[in-house]
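User: I am new to this structure and would be grateful for a close look at a single part of it. Please give a connected account.

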Amino acid sequence: MSAASQTNAAVPSPPRTLPAAGKTAAAAVSPSGTAAAGEATIPVLEIFGPTVQGEGMVIGRKTMFVRTAGCDYRCSWCDSAFTWDGSGAADIRPLTAEAVWEELVRTGGSRFSHVTLSGGNPALLRSLGPLVKLLRAQGIRTAVETQGSRWQDWLTEIDEVTLSPKPPSSGMETDFAKLDDIVRRLNPDGISLKVVVFDERDFAFAREVHRRYPAVPFYLQAGNEDVRLADDDLLRGQLLRKYEWLVDLTMASEDLNDVRVLPQLHALLWGNKRGV
């Protein structure tokens, strides 16, 4: 998630390397979902920014977003269900890494140095590997959030990986053996754990996660219980009350002395709007 999307007004030509001629969003794509030259494509739902990251270890960070389609989870309170429930299917574009970079530059100009890969679950996509390499070659820092259910080799090249195992209120179950393996493989200097908390069961789950990985930076985040509410003022009140509740629980817990407690910054600022 993030914050307010920007308009697509013309911006000065950025001092950045654009894809070679022919490698654009309009490049021919075969029915199998690969580019004409054999390069795998990325199922992109939206590219927007610059904005601010609203969650996790890079909260408040100025960033661009690349949101991909698909998720292996079906969380009951998911605020981006359009990435997997079929409602956003018409918006999916199969883009090469070069085409994604071109659109990032066209949209964000020279106003960004950081890109967040979002979803859904981006870790489903092996095809993100070339994009991660391209961004690194352009001097762009990267972040991703995933529930820790799938491994991709490109995760080792991400600067900031947030692993967010889902609590009981989601209706999902965490495979801790898989999460153990992912934590072990990643650079300890570039990862964190985050648990979204809606109720006391979730809070107990979060404490269990923190006990299991005490050396990994840990974030608690108050959940948004009404992802369809259109009244922003009413939503802000609900979110702040939930945040205060979570802060109080954390302050009273002796085993959570080294954690950080976050609100959903984007929801406080822009409510349940999509593309922010």
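In what order do the 9 strands of the open sheet lie, and what is the pairing? Please then look closely at strand E4.

Analyst: The model is a predicted one. Its open sheet is formed by 9 strands, and their order is E3-E1-E2-E4-E5-E6-E7-E8-E9, with mixed pairing. Strand E3 (93–95) and strand E9 (259–262) are the edge strands, each pairing on one side only. From one strand to the next, the twist averages 30°. Helix H5 (residues 232–251) packs on this sheet, where it touches strand E7 (191–197), strand E8 (218–222) and E9. The direction of H5 makes about 165° with that of E9.

Strand E4 (residues 114–118) lies between E2 and E5 in the order of the sheet. Strand E2 (residues 62–68) runs parallel to E4, and 4 bridges join the two. Within this pairing, Met-64 has Val-115 of E4 as its bridge partner. Strand E5 (residues 141–146) is also joined to E4 by 4 bridges, and these two strands run parallel as well. Here the bridge partner of Val-115 is Thr-142 in E5. Between E4 and E5 the chain passes through helix H2 (residues 129–137), making a right-handed β-α-β crossover.

As for its surroundings, E4 is mostly covered, with 5 of its 5 residues buried. Both faces of the strand are covered. On one side, His-114, Thr-116 and Ser-118 are buried; on the other side, Val-115 and Leu-117 are buried. Val-115 thus appears both among these buried residues and as a bridge partner of Met-64 and of Thr-142.

Terms used. Residues are numbered from 1 along each chain as its sequence is written. This is a predicted model: local features need pLDDT of at least 70, side-chain atom pairs count only at pLDDT 80 or more; totals for chains, interfaces and linings use all residues. Side-chain values use heavy atoms; hydrogens and water are left out. Two strands pair if DSSP finds at least two bridges between them. Axes are lines fitted to C-alpha atoms, for helices over the stretch in contact, and angles run from 0 to 180 degrees between N-to-C directions. Contact means heavy atoms within 4.5 Å. Buried means under 20% relative accessible area, exposed over 50%, partly exposed in between (1.4 Å probe, protein chains only). A crossover is right-handed if, with the strands pointing away from the viewer, the path from the first strand over the helix to the second runs clockwise.
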